[in-house]
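Student: I'd like a close look at a single part of this one. Could you walk me through it slowly, with its surroundings?

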Amino acid sequence: QVQLVESGGGLVETGGSPRLSCAASGNIFRFNIMGWYRQAPGKQREPVATLTSGGSTNYADSVKGRFNISGDNAETSVYLQMSSLKPEDTAVYYCTAYGPEWYWGQGTQVTVSS
């Protein structure tokens with residue numbers, strides 16, 4: 001059993017720069033990918049940023065240049081540094097990890113006030 005626990009969400013003003021954290025625990029084998037998805041009210045869950053074990057990153061077009069994903073050396077934690085937040089970034093942000101199956105956190109709410 002693998003658990004992913006997110007933290008760092010909350011109410012943020014437009015233009016703010018919060019940092020989300022995700023820590024994995026449990027029977028971890030090896031994560032090939034860690035990342036973040038988000039789901040806004042009435043919308044489907046969408047990828048935000050991913051980080052591979054090789055260090056490659058990928059970002060949604062909507063967050064490129066504003067968000068930065070990073071991980072720790074143990075490859076059991078992943079972070080999302082967000083900046084220049086917009087109201088449309090309001091969503092529940094989910095941490096995810098793959099290896100050898102997909103795991104998901106419970107999500108953390110990020111609300112950007114206009």
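Student: Is S8 largely enclosed by the rest of the structure or not, and how many of its six residues are buried?

Tutor: Five of the six residues of S8 are buried, so the strand is largely enclosed by the rest of the structure. Buried here means under 20% relative accessible area, exposed is over 50%, and partly exposed is in between, using a 1.4 Å probe and protein chains only. Strands are DSSP runs of E with at least two residues, numbered from the N terminus.

Before going further, a word on what we're looking at. This is a predicted model, where local features need pLDDT of at least 70 and side-chain atom pairs count only at pLDDT 80 or more, while totals for chains, interfaces and linings use all residues. Residues are numbered from 1 along each chain as its sequence is written, and side-chain values use heavy atoms, with hydrogens and water left out. As for pLDDT, that's the predictor's confidence in each residue, from 0 to 100. The protein has a mean of 95, and 100% of its residues reach 70 or more.

Now the sheet. S8 belongs to an open sheet of four strands, ordered S1-S3-S8-S7 with antiparallel pairing. The edges are S1 (2–7) and S7 (67–71), each of which pairs on one side only. Neighbouring strands are turned by 15° against each other on average, ignoring direction; the axes behind that angle are lines fitted to C-alpha atoms, for helices over the stretch in contact, and angles run from 0 to 180 degrees between N-to-C directions.

Two strands count as paired if DSSP finds at least two bridges between them. On one side, S8 runs antiparallel to S7 over five bridges. Here Asn68 is bridged to Gln81, Ile69 stands opposite Leu80, and Ser70 partners Tyr79. S7 and S8 also form a hairpin with five residues between them, and Glu75 in the turn has a positive phi of about 55°.

S8 also pairs with S3 (residues 19–26), again antiparallel and joined by five bridges. In this pairing, Cys22 has Val78 as its bridge partner.

Ser77 sits in S8, which spans residues 77–82. Ser77 is buried, with a relative accessible area of 12%. Leaving aside neighbours within four places in sequence, Ser77 is in contact (heavy atoms within 4.5 Å) with Cys22, Ala23, Met34, Ser70, Gly71 and Asp72.

Cys22 deserves a follow-up. A disulfide, meaning a pair of cysteine sulfur atoms within 2.5 Å, joins Cys22 to Cys95, with S to S at 2.0 Å. Cys22 lies in S3 and Cys95 in S9 (residues 91–98), so the pair ties together parts that are 73 residues apart in sequence. The torsion about their S-S bond is about -75°, so the disulfide is left-handed. Both Cys22 and Cys95 are buried.
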